Amino acid sequence: KMTITEGGFDYKQAEELVIDIKTLEIQLLSNRPKTAIVREILKSAANLLAERESGVALGEHIRQAIAGR
């Protein structure tokens, strides 16, 4: 969440990231989170973060985590 406020994202991008994070939080509260949804949320967040210099490293870490590296 810190990256959103400090990353220089415009309102639309920040809104998209917040919604992704909230959706992820809801999935993780489930007894049976849907891994396909979690994976897509993480991909979306990684792509959006990678659009900003301040989020490139975090986006890459997310991509590596999804790939299992």
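**Helix packing in the predicted model**

Ile19 lies in helix α2. In this predicted model, the residue has a relative accessible area of 47% and is therefore classed as partly exposed, since the buried class ends at 20% and the exposed class begins over 50%. Ile19 is separated from Ala45 by 26 residues in sequence, and the C-alpha atoms of the two are 10.0 Å apart in space. Ala45 is also one of the α3 residues in the contact between α2 and α3.

The chain contains 4 helices and 0 strands, and its pattern along the sequence is α-α-α-α. Of the 69 residues in the chain, 26% are buried. The exposed area of the chain is about 5000 Å², of which carbon and sulfur atoms supply 56%. Among contacts with a separation of 6 or more, 43% are between residues 24 or more positions apart.

Two helix pairs are described here. Packed helices are described by the angle between their axes and by the distance between those axes. For α2, residues 11–29, and α3, residues 35–50, the angle is about 155 degrees and the axes are 10 Å apart. The two helices are therefore roughly antiparallel, because the angle is over 145 degrees. Their crossing is left-handed. On the α2 side, the contact is formed by Gln13, Glu16, Leu17, Asp20, Thr23, Leu24 and Gln27. On the α3 side, Ile37, Val38, Ile41, Leu42, Ser44, Ala45, Leu48 and Leu49 take part. By class, the residues of this contact comprise 9 nonpolar, 4 polar and 2 charged.

The second pair consists of α3 and helix α4, the latter spanning residues 56–67. The axes of these helices come within 7 Å and cross at roughly 155 degrees, which makes α3 roughly antiparallel to α4. The crossing of α3 and α4 is left-handed. From α3, the residues involved are Arg39, Leu42, Lys43, Ala46, Asn47, Leu49 and Ala50. These meet Val56, Leu58, Gly59, Ile62, Arg63 and Ile66 in α4. The contact of α3 with α4 divides into 8 nonpolar, 2 polar and 3 charged residues.

Helix α3 thus takes part in both contacts. Leu42 and Leu49 of α3 are listed in the contact with α2 and also in the contact with α4. Ala45 of α3 belongs to the contact with α2, whereas Ala46 of α3 belongs to the contact with α4.

Notes: Residues numbered from 1 in each chain as written. Predicted model: local features only at pLDDT ≥ 70, side-chain atom pairs only at ≥ 80, totals over all residues. Heavy atoms only, no water. Axes fitted to C-alpha atoms, helices over the stretch in contact; angles between N-to-C directions. Parallel < 35°, antiparallel > 145°, perpendicular 65-115°, else oblique. Left-handed = near helix turned anticlockwise from the far one by under 90°. Contact = heavy atoms within 4.5 Å. Nonpolar A, V, L, I, M, F, W, Y, C, P; charged D, E, K, R; others polar. Buried < 20%, exposed > 50% of the residue type's maximum accessible area, 1.4 Å probe, protein only. Areas by Shrake-Rupley, 256 points an atom, 1.4 Å probe, with all protein chains shown as cover.
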